[in-house]
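Please work through the exercises below with the sequence and the coordinates at hand, and try each task before reading its solution.

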Amino acid sequence: MTDYRFEIGERVTYSEKRFPSGVWTAELVVVEQLTGNGKPEYRLRNHDGATEHVLAEHELSSHFEPSPWAA
């Protein structure tokens, strides 16, 4: 049995290094938990619902809303 860090419906962040322009970041929603080669993977969807991705757990991070008190 695989332990998943993220739950279905949870928002996560995916960052990809792109050259020469830097880093591309996307906010995605977990649609399904998958098992790829015995390691946690997720089917994810953009908020607009137009694009889906399958990514490994180690490629994702928790999504945090910025604090309204942040300067």
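Four exercises follow, each with a worked solution.

The model is a predicted one, in which local features need pLDDT of at least 70, side-chain atom pairs count only at pLDDT 80 or more, and totals for chains, interfaces and linings use all residues. Residues are numbered from 1 along each chain as its sequence is written, and side-chain values use heavy atoms, with hydrogens and water left out.

**Exercise 1. The nonpolar core**

Identify the residues that make up the largest nonpolar core, and state which strand gives the most to this core.

Solution. A nonpolar core is here a set of buried Ala, Val, Leu, Ile, Met, Phe, Trp, Tyr and Cys residues joined through side-chain atoms within 4.5 Å, where buried means under 20% relative accessible area, exposed over 50%, and partly exposed in between (1.4 Å probe, protein chains only). By this rule the largest core holds 10 residues, namely Phe6, Val12, Tyr14, Ala26, Leu28, Val30, Tyr42, Leu44, Leu55 and Leu60. The next step is to assign them to strands, which, like helices, are DSSP runs numbered from the N terminus (strands, E, of at least two residues; helices, H or I, of at least four). Strand E1 (11–18), strand E2 (22–36) and strand E3 (39–46) each supply at least two residues of this core, and E2 gives the most, with 3 residues. As a check on one member, Leu28 has contacts (heavy atoms within 4.5 Å) with Glu10, Arg11, Val12, Tyr14, Leu44, Arg45, Asn46, His53 and Leu55, when residues up to four places away in sequence are not counted.

**Exercise 2. Strand E3 and its partners**

Determine how many bridges join E2 to E3, and how many join E3 to strand E4.

Solution. Two strands pair if DSSP finds at least two bridges between them. E2 and E3 run antiparallel and are joined by 8 bridges, with Val30 having Leu44 as its bridge partner in E3. The hairpin of E2 and E3 has 2 residues between the strands, and Asn37 takes a positive phi near 55° there. On the other pairing, E3 and strand E4 (residues 52–56) also run antiparallel, joined by 5 bridges, and Arg45 stands opposite Glu52 in E4. The hairpin of E3 and E4 has 5 residues between the strands, and in this hairpin Gly49 takes a positive phi near 80°. Finally, consider the faces: in a regular strand the side chains alternate between the two faces of the sheet. E3 has a covered face formed by Pro40, Tyr42, Leu44 and Asn46, and an uncovered one formed by Lys39, Glu41, Arg43 and Arg45.

**Exercise 3. Aromatic pairs**

Find which residues form one aromatic cluster with Tyr42, and describe the pairs.

Solution. Rings of Phe, Tyr and Trp (its six-membered ring) pair if their centres lie within 6.5 Å, and planes under 30 degrees apart count as stacked, over 60 as edge-to-face and the rest as tilted. A search of the whole structure finds 3 aromatic pairs. One of them, Tyr4 with Tyr42, is edge-to-face, at 5.7 Å centre to centre and 70° between the planes; it links Tyr4 in the segment before E1 to Tyr42 in strand E3, 38 residues apart. Phe6 and Tyr42 form another edge-to-face pair, at 5.6 Å centre to centre with 65° between the planes, and these two residues lie 36 residues apart. Tyr4, Phe6 and Tyr42 thus belong to one aromatic cluster. Tyr4 counts as partly exposed because its relative accessibility is 23%, whereas Phe6 and Tyr42 are buried, Tyr42 at 0%.

**Exercise 4. A salt-bridge network**

Establish which residues are joined into one network by salt bridges that share partners.

Solution. A salt bridge is a side-chain nitrogen of Lys or Arg within 4 Å of a carboxyl oxygen of Asp or Glu, and a search of the whole structure finds 4 of them. Arg43 forms one with Glu32, the closest N and O atoms being 3.0 Å apart; because Arg43 lies in strand E3 and Glu32 in strand E2, the pair ties together parts that are 11 residues apart in sequence. Arg43 also forms a salt bridge with Glu52, again with the closest N and O atoms 3.0 Å apart, and the side chains of Arg45 and Glu52 meet in a salt bridge at 2.4 Å, N to O. Glu52 is partly exposed, with a relative accessible area of 39%, and Arg45 is partly exposed at 30%. Shared partners therefore join Glu32, Arg43, Arg45 and Glu52 into one network.
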